[in-house]
Amino acid sequence: MMDRPATYARLIELIEPFNKKGIALAESTSFADDLELDSLTVMDLVANIEDEWDINMPLNILPDLETVGQLADAVVKLKG
């Protein structure tokens, strides 16, 4: 199984360019409420994540991924 802390750390790096408000990113950081990402921005981020780990994120799971921590868990799970 892929290393969760390393995955999380890399995710933070991928999310940072989208962090226009410059808030401190944490496990509980919400994409909608804290980062205020719109759907187009989320799709850009998802594309970057898919390229980074060579995975496909099913669109039906995206609504359930509300925080950075949930996203990290999903990437680790998809990467297997």
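How many salt bridges does the structure hold? The structure holds 5, and we will visit several of them on this tour of a predicted model.

**Stop 1: helix α1.** Select residues 4–15, which make up α1. The 12 residues of this helix should span 16 Å at 1.5 Å a residue, and the end C-alpha atoms are indeed 16 Å apart. Now highlight T7, Y8, L11, I12, L14 and I15, which are buried. Look down the axis of α1: these buried residues fall within an arc of 160°, so they line one face of the helix. They pack against α2 and α3. At the N-terminal end, show D3 as sticks; D3 caps α1, with a side-chain oxygen 3.1 Å from the backbone nitrogen of A6.

**Stop 2: helix α2.** Move on to residues 39–53. From first C-alpha to last, the 15 residues of α2 reach 21 Å, close to the expected 21 Å. Colour T41, L45, V46, I49, E50 and W53 to see the buried residues of α2, which pack against α1 and α3. This helix has a cap too: a side-chain oxygen of D38 lies 3.2 Å from the backbone nitrogen of L40, at the N-terminal end. Just after α2, stop at D54, which takes a positive phi of about 55°.

**Stop 3: the core.** Select I15, F31, L45, I49, M57 and L71: within the largest nonpolar core, which has 23 residues, these touch the most other members. Helices α1, α2 and α3 (68–79) each supply at least two residues of this core. Centre the view on L45 and, setting aside neighbours within four places in sequence, you will find L45 in contact with L14, I15, F18, F31 and L37.

**Stop 4: the salt bridges.** Begin with R4 and D73, whose closest N and O atoms are 2.6 Å apart. This pair links helix α1 to helix α3 across 69 residues of chain. R4 counts as partly exposed at 23% relative accessibility, and D73 likewise counts as partly exposed, at 43%.

Next, show R10 and E52, a salt bridge with closest N and O atoms 2.9 Å apart. R10 lies in α1 and E52 in α2, so the pair ties together parts that are 42 residues apart in sequence.

Finish at E36 and K21, where the closest N and O atoms of the salt bridge are 3.2 Å apart. Both residues sit in the loop between α1 and α2, 15 residues apart. E36 counts as exposed at 54% relative accessibility, whereas K21 is partly exposed at 44%. For a last selection, add E27 to R4 and D73: salt bridges that share partners join these three into one network.

Conventions:
Residues numbered from 1 in each chain as written. Predicted model: local features only at pLDDT ≥ 70, side-chain atom pairs only at ≥ 80, totals over all residues. Heavy atoms only, no water. Core = buried A, V, L, I, M, F, W, Y, C linked by side-chain atoms within 4.5 Å. Buried < 20%, exposed > 50% of the residue type's maximum accessible area, 1.4 Å probe, protein only. Helix = DSSP H or I, 4+ residues; strand = E, 2+ residues; numbered from the N terminus. Contact = heavy atoms within 4.5 Å. Expected span 1.5 Å × (residues − 1). Arc of directions from axis to C-beta. Polar contact = N/O pair within 3.5 Å; in protein donor to acceptor, adjacent residues only side chain to side chain. Salt bridge = Lys/Arg side-chain N within 4 Å of Asp/Glu carboxyl O.
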